[in-house]
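Subject: Handover of a structure

Dear colleague,

Please find the structure below, together with its sequence. My notes on what was found in it follow.

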Amino acid sequence: MCGFVGYVNQTDVPSDTIVKMANRIRHRGPDDEAYFNDDKVSMGFRRLSIIDLAHGKQPMYNQDQTKVLTFNGEIYNYQDIRKDLQKLGYEFRTDVDSEVLIHGYDAWGPDLLQHLRGMFAFVIYDSKTGEVFGARDHFGIKPLYYYDDGKTFLWASEIKAFLEHPNFKKELNEDLLAIHLSFEFIPSKDTMFKNVFKLMPGHYFIHKADGHTETHEYYKFSYDNIDENQTIEEDAKKIRKIVDDSVDAHMIADVEVGSFLSSGIDSSYVLNEAAKLKPIQSFSLGFNNSKYSELSWSTEFAKEIHQANIPLTMTGDDYFDILPTIMYYMDEPLSNPSAMQLYYLSKGTREHVKVALSGEGADEFFGGYNTYLEAKPFERYQKSVPRFVRKGLAKAVVNLPRFHGRRFLVRGAQPLSERYYRVNYVFDYHDREKILKNPDLNRDAGEYTKHIFDDVKDKDEMTQMQYFDINTWLPYDILHKADRMSMCNSLEVRTPLVDKEVAKFAATMPIKTRIRGTETKVSLRTAALAELPERVAKKEKMGFPSPIATWIKQDKYRKRIEEAFTSDVAKKFFNTDALLEILQEHINGKSSMQKIFTIYTFILWYEVYFPENTSADTISKVRRTDIDKIPVAN
């Protein structure tokens, strides 16, 4: 696991720029560093040693030294690919997975990507053609960004590395503020920085010698092969085999591997499978004297399967004090409250191991979110009641005081691309009208992501929801925070349930083997019943709970938020009276936690990355383990 940076050379760029860029992300690779430069390209690399600790230095070269690789991630089937390449005449000097990439690209070009199973982002420079090739894994587990303004081309594992390049123009992409307020992330290639783009999951780019950049899709998750004849029992049996195989593949390492453990089925199942292979430490996070703490559950389960468990705790001060630092490491504003727990969980885990398994992905692939259960009632309503009647009912009740069924009637008149709660996860269009200072910034979030629903418009609504989550919520929220919160602590997190082979099977599952009545991910739970105690296999989903909603009501934390909501930054973007009203509603008992947290974290993020625009002392609150400075905007 590592981090890398690079840029196409320009005559006015100081020679130490590449080192400064790499140092910005040294948390991703504190074990080693190395660089490549010629008259066209500069590349930098920071290594976290996991496999073949004594070798595997990067940048790495092909046999005739004409291609140069930097790579972040793990290729779990690299030994099989290595055998195929050896048959083609390629010689290997190390036992690292990096080497199969450089030789594989030399042999197959972009078709190499069809051979890979793993989590990865890598860049290869071809000195003969002057082209730069970059690729990202199937589901976006590992990050890759590029900056392209038509004159300057940069790439890096994290956006913050661009801050050190003199030709990087740091500008807020204000047009996306409404989209961020809807989703808490940007569900597209765009970012909150102008001209900075995510390389999308399952894509690669080629930056040509003439300065032109093109992107291509090599993988797209699809529900085109659903098998309606499958049963819960059959799918459960297949899940047991596939998960067992995936966990086995994800255990490859020359260092000790640990595992995150919550009280839920996903992490418990992963830990249990890993424990069959070798003894493994697990790590759990909770809160002292709190109903939100899951430590008793996780500690008891680890004891049942005879594996060590290390409980970790955090306080309200821990939570709020670390927020500016979290916003720095996150690159873009992300308001998922569980990020802070994941930070402290990763921090505590890293004191013991370099690699940890985690259970992300099960809900998206196997149907674990409770919201999926509402698909059938809405489908029945839409089929039985004509559209004009549904629209009339919605119009009649939308402005009435709340009553049971009002929300259903209003949403029942909307297409799924507007109705699905992820589209307006935090603020809906009318909410944004109230808080945005510039009304021209408000946008239709449903229209922004409608093309994703269009991909599966012939499928049932639950399948459409899952497809949407796999293409938005999973890469831009779940996997994004997992990567940033672990790697800022120099910890590699592996996700056996976000896997090419797991996804291939999940794409064949009919609805009846995903949900049954009010039971979610029924096939996974059935599989787990054969491996885990019933109380774990059938436990309802809790997410990653925290007492933040209660903490916000406490004076010392409420005052921090009030200061932010009346700051210069708040006044720049928002109607501050409306922000204070939302905060007061929460204090009075109407839960607005996610709205409050989304605005608060955006303000903190802005103060960290655009510090000249505020008088707040946020920068001094950023823990500077790896931070020399945060440059002002250009």
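A residue is called buried when its relative accessible area is under 20%, exposed when over 50%, and partly exposed in between, with a 1.4 Å probe and protein chains only. This is a predicted model, in which local features need a pLDDT of at least 70 and side-chain atom pairs count only at pLDDT 80 or more, while totals for chains, interfaces and linings use all residues. Residues are numbered from 1 along each chain as its sequence is written, and side-chain values use heavy atoms, with hydrogens and water left out.

Confidence

The pLDDT is the predictor's confidence in each residue, from 0 to 100. Its average over the protein chain is 91, and 93% of the residues score at least 70. Over residues 613-620 the pLDDT is below 50, and this stretch has 16 contacts (heavy atoms within 4.5 Å) in the model beyond near neighbours in sequence. Residues 624-629 also have a pLDDT below 50, with 11 contacts beyond near neighbours in sequence. Where pLDDT is low, the predicted coordinates should not be read in detail.

Strands and sheet

Helices (H or I, at least four residues) and strands (E, at least two) are DSSP runs, numbered from the N terminus. Two strands pair if DSSP finds at least two bridges between them. An open sheet of six strands follows the order β4-β5-β6-β7-β11-β12, with antiparallel pairing. At its edges stand β4 and β12 (213-217), each with a single partner strand, so one side of each is left without a neighbour in the sheet.

Within this sheet, β5 and β6 run antiparallel and are joined by nine bridges. Glutamate 74 stands opposite methionine 119 in β6.

Valine 68 lies in strand β5 and is buried, at a relative accessible area of 1%. Leaving aside residues up to four places away in sequence, valine 68 touches Phe36, Met43, Pro59, Met60, Tyr61, Ile102, Val123, Ile124 and Tyr125. By contrast, the C-alpha atoms of valine 68 and aspartate 190 are separated by 28 Å, with these positions 122 residues apart along the chain.

Strands β2 (residues 32-37) and β3 (residues 41-47) run antiparallel and are joined by six bridges. They form a hairpin with three residues between them. Tyrosine 35 has glycine 44 of β3 as its bridge partner.

Salt bridges

Side chains of opposite charge can pair when their charged atoms come close. The criterion for a salt bridge is a side-chain nitrogen of Lys or Arg within 4 Å of a carboxyl oxygen of Asp or Glu. A search of the whole structure gives 41 of them.

One of these pairs lysine 128 with aspartate 64, at 3.9 Å from N to O. Lysine 128 is in the loop between β6 (118-126) and β7 (131-136), and aspartate 64 is in the loop between β4 (60-61) and β5 (67-75), so the bridge ties together parts that are 64 residues apart in sequence. Lysine 128 is exposed, with a relative accessible area of 63%, and aspartate 64 is partly exposed, at 43%.

A salt bridge also joins lysine 67 and aspartate 126, whose closest N and O atoms are 3.9 Å apart. This pair links distant parts of the chain, with lysine 67 in strand β5 and aspartate 126 in strand β6, 59 residues apart. Lysine 67 is buried at a relative accessible area of 12%, and aspartate 126 is buried at 12%.

Arginine 484 and aspartate 331 form a further salt bridge, their closest N and O atoms being 3.6 Å apart. Arginine 484 lies in helix α19 (residues 473-487) and aspartate 331 in the loop between α9 and α10 (338-350), so parts that are 153 residues apart in sequence are tied together. Arginine 484 is buried at 2% relative accessibility, and aspartate 331 is buried at 0%. Both belong to a network of salt bridges that links Arg28, Lys142, Glu158, Lys160, Asp331, Asp483 and Arg484.

Helix α9 and a surface patch

Aspartate 331 comes just after α9 and takes a positive phi of about 75°. Helix α9 (residues 323-330) is mostly covered, with eight of its eight residues buried. Among them are Leu323, Tyr328 and Met330.

On the surface, Phe388, Val389 and Leu393 form a nonpolar patch with about 280 Å² of accessible area together. Patches are made of residues with over 30% relative accessible area and no salt bridge; like charges are joined within 9 Å, and nonpolar side chains (Val, Leu, Ile, Met, Phe, Trp, Tyr) within 5 Å. Accessible areas come from the Shrake-Rupley method with a 1.4 Å probe, and for residues only the protein chains shown count as cover. Phenylalanine 388 is in helix α13 (residues 387-397) and is exposed, with a relative accessible area of 65%.

Kind regards
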